[in-house]
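Please find below my notes on this entry, written for someone who has not yet looked through it. They take up the domains, then the two copies, then one helix.

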Number of protein chains: 2
Amino acid sequence: MENFSLPTGTGRLIEASSTNSSDILYGSGFHAADDFIYFETRGMKAVVVSMLEYQRAQQEVHKGVQVIDRIEILRAFPREEYRLDFLVLLSRKYQIGHWLVPGNFPLSKADTLRASGIRVECVSGDFFPERDRKNPTEVEAIRASMRATENAVRQVEHYLRESVVNKDGILVYNGNILTCEYIRSEVEAEFKRNGYSADRTIIACGKDASAPHCIGFGPVHAGEPVVADIFPRSDPTGYWGDMTRTFVKGQASEIVRKAFAAVKLASEESLKILKAGVSGAEVHRTAARTMEQAGFRTGRDANGIPCGFIHGLGHGVGLEIHENPRLSPANPNPLAAGSVVSVEPGLYDPSWGGIRLEDLVLITEDGYENFCTMPKELEIP
Amino acid sequence: MENFSLPTGTGRLIEASSTNSSDILYGSGFHAADDFIYFETRGMKAVVVSMLEYQRAQQEVHKGVQVIDRIEILRAFPREEYRLDFLVLLSRKYQIGHWLVPGNFPLSKADTLRASGIRVECVSGDFFPERDRKNPTEVEAIRASMRATENAVRQVEHYLRESVVNKDGILVYNGNILTCEYIRSEVEAEFKRNGYSADRTIIACGKDASAPHCIGFGPVHAGEPVVADIFPRSDPTGYWGDMTRTFVKGQASEIVRKAFAAVKLASEESLKILKAGVSGAEVHRTAARTMEQAGFRTGRDANGIPCGFIHGLGHGVGLEIHENPRLSPANPNPLAAGSVVSVEPGLYDPSWGGIRLEDLVLITEDGYENFCTMPKELEIP
């Protein structure tokens, strides 16, 4: 676990909560809602925590990571130096004159260190570049999250299937109007019962479905697309799942059927070329071209609202819901075996709604392993 | 809503997700899991979002906040300048040569702007200092979150009250061993059903309760303190609740009763002096002194584990679970009417567990309004 590649006098440093930084969680293994410090020097990895967190940190950190109480650092200095910033004292104690930090390192901390003559430099790219290739333990954690995710998508399908349509074309489940809010809260409650957290789960119907991140409100109408985009995070492991299906209760309109077929084909075509070595941009372009050839152009409607395929094809998933590598025009780099990415083509138009179909896959040398087993079918009787 | 106090050429800037920055949520009103930009110039407030978020941002932003599509900014420049950092282009377009940013502004962005000759300066203190005095809408949001929180504490009490104790001294609820995990997952599931999110809810029994942020594991034992520290966030408003009670099923030991009495007295004594104008440090010291006088000293046990009153007395609660003002030795400033703070004395010792009692209160000119109505009683028959 030790890092002997760092020259003496140089260290790597994060100060953040594990809520706001998945890097500090990845490096330390410690979950904390308040900021703490993680650092590496030649031959050493450590977290620095308050008295309040000391006992818990000792139990939770990854093997090879030392736990240091803030007070131990302070004790190395005379009391009159306590007015100095804590990171300045830490740097002196470990004789670090040059810190490498992640790009999201807080500016105020960097400015304070620099004012004390300590060099602070952002690493180029990711702080832990290895995060974009998952090890077997991580793959298992994601696989478990995806089993829970797919169960939730089936739960949404169940509500739609078991509902009846009233004379106003609105779904009724167990005698009550079926709303997006009800489905969301029941799905999220079931996740919590199984040790997952899901917030802002998207259950968006009709026009709401045309804004890709609109969570959806109000009664579910028959004949309109319902986008169910479900992304829970495991409370114990911190790894996310992410999956989307789009359903119509009853019969879909001609344009919705055509859009669904185009999105489904875009998914198939992009998965066909997906494997290690292909660029993220190329996979995105395959999906984009497929939908354009099916007659769906990306642009704006008369009101200036973006329409068509208005987002990237996919993103890495791990300790963050959106992480590297990206399947988007902005990523010309070859994809690596071991990356876990979403493949989620979509089409959006306020005049008929939205369609998105998202699988999560593990990229391999020859292709991919799909964590999703559920077929892509639009209409639910 | 417009800010005419900024000189021409100076702006205020945040780039973050609303998950990672409650400032950007406070300023814009827009919930987004991906980074976006919020800025203010003389007479203007705006967010800059991707095409993907444009429609939703228009619906959600606070009155007076403009929504700008990233593409609108790019269009002001020839294509060959797209290689420049987006924030550099934004600065040029609005002729800003000096940005004021929050302390947690990402270092990599600041370094890029500075390298382009643009001044970037962290504001001293909070980016929106007014956040520590809640307006009536915010107070109502917190009051609603606290109603849900108190219901959940009563739900925990219910599980303990309705359990029987088996021959091994373990609680049995509805025929099943009652575990910390079960209580946590049922409490969190119930929150989701009501539009709240709670993660890492603390239901910690016995020795686990001696580490203040240990979430707690395993069966609940009679005769041992169970710390229930419950802190949900409202999904629609973003405002948190926070409350703690400690219970013992059956009879508590002498030391636990004594610790409970000391913590309860510390709560009462510190609330007695709490009002606008008193310093955060003074309120903390009142609680600390009360517990010390009751015979509980703060220090370390023979294994080096911190014992006693090992955290601050309280913290502000709003769009963040831990925000200003603090009730701690580190806050010598007078408290203001309108602040919402937790008052949560506690005592911890691995040899018998932990006790924490937390109320959430609104500070007024004359005293405080307590959002918690539930009495502080230790033993549950």
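1. Four residues of domain 1 of chain A are in contact with five residues of domain 2 of chain A, contact being taken as C-beta atoms, placed from the backbone, that lie within 7 Å. On the side of domain 1 of chain A that touches domain 2 of chain A, the residues divide into two nonpolar, one polar and one charged; here Ala, Val, Leu, Ile, Met, Phe, Trp, Tyr, Cys and Pro count as nonpolar, Asp, Glu, Lys and Arg as charged, and the others, Gly among them, as polar.

2. This is a predicted model, in which local features need pLDDT of at least 70 and side-chain atom pairs count only at pLDDT 80 or more, while totals for chains, interfaces and linings use all residues. Residues are numbered from 1 along each chain as its sequence is written, and chains are lettered from A in the order in which they are written, with ligands numbered from 1.

3. The domain assignment, which is automatic or from a database, gives chain A domain 1 (10-127) and domain 2 (132-380). The centres of these two domains of chain A, taken over C-alpha atoms, are separated by 38 Å.

4. Chain B is superposed on chain A by a rotation of 180° with 0.0 Å of shift along its axis (RMSD 0.0 Å), the fit being by least squares on C-alpha atoms of residues with pLDDT of at least 70 in both. That is the relation of a two-fold axis. In chain B, the C-alpha nearest the axis belongs to A189(B), 2.0 Å from it.

Definitions and conventions: Two residues are in contact if their C-beta atoms, placed from the backbone, lie within 7 Å.
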